[in-house]
Amino acid sequence: MADLVEPSKPQNSYWLWLTDNRAALTKEAGSSKGPVVSKLAGEKWKALSAAAKAPFEKKAASLKAEYEEAMEKFVADGGVKGKRRAEKADSKKAMADKKARKEAKKASGAPSKPQNAYWLWLADNRAAITKEAGSAVGPVVSKLAGEKWKALSAEKKVPYEEKAAALKAEYVKAMEEFKKAPAGEVGGDDEEEADGDVEA
């Protein structure tokens, strides 16, 4: 059985009108920036006659009726009303919390986790790998870089491994010093790029 999909709330009469008139409003506003267009659109909509608004209000009422009927069926089939919105809100909150933790850690002055051997090597070779991959898109470059790193001889990895070990030692020392400081309480999330290790 296919997953139930909660019906999307329809646009109201104003948004239906705006959709039909956005190009003209953007041209008149002289800008495509949301707040600029929205301000002009709001003024125009308020000044619009009842007769001019009528087709959009009629369409909005029809869409609302269709939505309510679809929602009734969705709930009757076992769907949970508002679940999608709640999930979206939870996801947004989780992202905001993660960003806040990272910003708090940065503001605390805690030492940044150093790059490992792979990331040091990638920093030196990114331009050549991007050129060879024919794309600067992250996943494309990362896939090719991972393959090249795995195929790299142990001898060629040594300089990066030695540099990574030295940087890690410096980091450990700096973190010990930081923790000794009165304000040195740091959260346990070391979510830096360097965590994305590539095994040889």
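**Helical organisation and selected residue environments**

Residue E161 is located in helix α7, which spans residues 154-180. The model described here is predicted. E161 is partly exposed, since its relative accessible area is 40%, a value that lies between the limits of 20% for buried and 50% for exposed residues. In sequence, E161 is separated from L120 by 41 residues, while the C-alpha atoms of the two lie 8.8 Å apart.

E161 also appears among the contacts of A117, a residue of helix α5. When residues up to four places away in sequence are left out, A117 touches W149, Y160, E161 and A164. A117 is buried, because its relative accessible area of 11% falls under the 20% limit. A further pair involving A117 is formed with L167: the two residues are 50 positions apart along the chain, and their C-alpha atoms are separated by 9.9 Å.

The secondary structure of the protein chain as a whole consists of seven helices, with zero strands. Read from the N terminus, the order of elements is therefore α-α-α-α-α-α-α. Of the 200 residues in the protein chain, 24% are buried. The accessible surface amounts to about 14500 Å², and carbon and sulfur atoms account for 55% of this area. For contacts between residues at least 6 apart in sequence, 71% connect residues at least 24 apart.

Helix α5 (residues 117-133) packs against helix α6 (residues 138-151) at an angle of about 120°, and the axes of the two helices are 9 Å apart. This contact involves A117, Y118, W121, L122, R126, I129, T130, E132 and A133 on the α5 side, and V140, V141, S142, L144, A145, G146, K148 and W149 on the α6 side. The crossing of α5 and α6 is right-handed. In an α-helix there are 3.6 residues a turn, so residues three or four places apart point the same way. Among the α5 residues in the contact with α6 are L122, R126, I129 and A133.

The loop between α4 (83-108) and α5 contains N116. N116 counts as buried, because its relative accessibility of 14% is under 20%. From the side chain of N116, the backbone nitrogen of W119 is reached at 3.0 Å.

Helix α1 (residues 13-29) has a kink of about 65°, which is centred on N21. At the N-terminal end of α1, N12 acts as a cap, with a side-chain oxygen 3.2 Å from the backbone nitrogen of Y14. The buried residues of α1 are S13, Y14, L16, W17, L18 and L25. Their cover includes α2 (34-47) and α3 (50-76). After α1 comes G30, which has a positive phi, near 75°.

The segment before α1 contains E6. E6 is buried, because its relative accessible area of 12% is under the 20% limit. With neighbours within four places in sequence left aside, E6 is in contact with M71, F74, V80, K81, G82, K83 and R84.

Helix α3 contains E68. E68 counts as partly exposed, because its relative accessibility of 41% lies between 20% and 50%. The C-alpha atom of E68 is separated by 9.8 Å from that of P10, and the two residues are 58 positions apart along the chain. In accessibility, E68 at 41% and E161 at 40% are partly exposed, whereas E6 at 12%, N116 at 14% and A117 at 11% are buried.

Conventions
Residues numbered from 1 in each chain as written. Predicted model: local features only at pLDDT ≥ 70, side-chain atom pairs only at ≥ 80, totals over all residues. Heavy atoms only, no water. Helix = DSSP H or I, 4+ residues; strand = E, 2+ residues; numbered from the N terminus. Buried < 20%, exposed > 50% of the residue type's maximum accessible area, 1.4 Å probe, protein only. Contact = heavy atoms within 4.5 Å. Areas by Shrake-Rupley, 256 points an atom, 1.4 Å probe, with all protein chains shown as cover. Bend = angle between axes of the 7 residues up to and from the residue. Polar contact = N/O pair within 3.5 Å; in protein donor to acceptor, adjacent residues only side chain to side chain. Axes fitted to C-alpha atoms, helices over the stretch in contact; angles between N-to-C directions. Left-handed = near helix turned anticlockwise from the far one by under 90°.
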